[in-house]
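Trainee: Could we go through this structure together, one question at a time? I would like to see how each answer is reached.

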Amino acid sequence: MGATLRDIARMAGVHPGTASRAMNPDMEHLVNEATARRVRHAAEQLGYVPNSLARSLKTSRTQSLGALVPDIANPLFPPILRGIEDVAAEAGFNVLIANTDDDPERERRQVASLRARQVDGLILASARRADPVVLALVAAGVPVVLVNRVEPVLCVPGVAGDDTDGIRQAVAHLHALGHRRIAHLAGPAGTPTGAARLDAFRRETAALGLDAAGCPVALAASYRTEEGARCTAELLDSAPGFTALLAANDLLALGCFETLAARGLRCPEDLSVVGFNDMPFVDRLTPSLTTVRVPQYDCGAQAARLLLSRLSAPVPADETAESVLLPLSLVVRRSTGPVRAGEAVPAR
């Protein structure tokens, strides 16, 4: 039979209640540091393993969080998850990760599974606009934070990059290079990021006086490379003449590269390309990708802090949810260059 808290208390020369407080991350601040060190040393000597199940029954907490992402293979999400895990670990929480495959029904099942495991709160990167799953969680009183997206309609806190300013920087960069016909490869319209970046693109090009007909848009069904390739082909076939393309994420830009190569077109000589997110591999592409850098780790870390804050001090139902927009920066690499006078994308 394993060591108990009474065994630890006896070895450390303290009351069992003191030993219990010293071994509980939520209560150790009530014990002076010298006593706490003595208790922890005794626990280590005795090989004590905390009974987290028993603790959860007493505190109604499992010290665990759930994190859902739409595509765990997307390089955007591992740094976000690392930020969540690092902050959660510092607070004594474990993180259970689930992948939704960007499928609403799978998302619903994964949320139900995490709730069955009695996680204390959820961080969702898979939420759609006015997502019924999130609305149901809010109605049930489950603490929820969105990450990589902000959706005011849902009245839940969220952490994301400032998409509007990121798009503004990208469009301004292309405009400064002389591009006046700029296409946009937009993300899925049902996602907050896709809608926000498309809206920002249209507003920024209009503010610069660019002709809307010369700035065509293709809507991707998902943030995947194959959709980037398909949409680029669609733009080249239906609206030739643009000299630059702004993709709503780096995987879409990678698909653009594939279509250009297949058609014998060069980047940036025939078409300048800008991505969004600055995923880990894009500086190694040929050419290296100019992109908007999103602080992915910071997004995850801040989302975890928001959720932990809500767990320690629940927000009244009628209080406005806090959202955080992190500043973004444009990273200029070799996929963008000056437009050549009178030149447009060759029709091939």
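Mentor: Let us begin with a term we shall need: two strands are said to pair if DSSP finds at least two bridges between them. Please keep in mind throughout that this is a predicted model.

Trainee: With that in hand, by how many bridges is β6 joined to strand β7?

Mentor: Strand β7 covers residues 217–219 and runs parallel to β6. One of the bridges can be found by looking at L185, whose partner in β7 is A218. Pairing needs at least two bridges, and the number that joins β6 to β7 is 3.

Trainee: Which residue of β8 stands opposite I182?

Mentor: Strand β8, residues 244–247, also runs parallel to β6, and 4 bridges join these two strands. If you start from I182 and look across to β8, the residue standing opposite is A244.

Trainee: How many of the residues of β6 are buried?

Mentor: In a regular strand the side chains alternate between the two faces of the sheet, so it helps to take each face in turn. On one side of β6 we find I182, H184 and A186, on the other A183 and L185, and all of them are buried. The strand, residues 182–186, is therefore mostly covered, since buried means under 20% relative accessible area, and the count is 5 of its 5 residues.

Trainee: Which residues form the uncovered face of β11?

Mentor: Strand β11, residues 323–326, is an edge strand that pairs on one side only. Its covered face holds V324 and L326, and V324 is the residue that stands opposite V159. The uncovered face of β11 is made up of S323 and L325.

Trainee: What is the order of the strands in the open sheet of 6 strands?

Mentor: The edge strands are β2 (94–99) and β11 (323–326), each of which pairs on one side only, and they give us the two ends. Towards the β11 end, β5 and β11 pair in the parallel sense over 4 bridges, while β4 and β5 pair in the parallel sense over 2 bridges. Within the pair of β4 and β5, L146 has G158 as its bridge partner. With parallel pairing in the sheet, the order reads β2-β1-β3-β4-β5-β11.

Trainee: At about what angle does helix α6 run to β1?

Mentor: Helix α6, residues 104–116, lies across three strands, namely β1 (64–69), β2 and β3 (121–124). The angle is taken between N-to-C directions and runs from 0 to 180 degrees, and for α6 and β1 it is about 170°.

Trainee: Is R333 buried or exposed?

Mentor: R333 is found in the segment after β12 (329–331), where its side chain makes a polar contact with the side chain of D278 at 3.1 Å. Among the other residues that R333 touches are V282, L289 and R293. Because its relative accessible area is 18% and the cut-off is under 20%, R333 counts as buried.

Trainee: Over the ring of which residue does the charged end of R197 sit?

Mentor: A search of the whole structure finds 0 aromatic pairs, but here we are asking about a charge and a ring. The charged end of R197 lies 3.9 Å from the centre of the ring, and that ring belongs to F276.

Trainee: Finally, what share of the residues in the chain is buried?

Mentor: The chain has 12 helices and 12 strands, and its C-alpha trace spans about 85 × 40 × 30 Å along its principal axes. Of its 348 residues, the buried share is 51%.

Methods. Residues numbered from 1 in each chain as written. Predicted model: local features only at pLDDT ≥ 70, side-chain atom pairs only at ≥ 80, totals over all residues. Heavy atoms only, no water. Buried < 20%, exposed > 50% of the residue type's maximum accessible area, 1.4 Å probe, protein only. Polar contact = N/O pair within 3.5 Å; in protein donor to acceptor, adjacent residues only side chain to side chain. Contact = heavy atoms within 4.5 Å. Phe/Tyr/Trp six-rings, centres within 6.5 Å; stacked < 30°, edge-to-face > 60°. Lys NZ or Arg CZ within 6 Å of the ring centre and 35° of its normal. Lists of a residue's contacts leave out its neighbours within four places in sequence.
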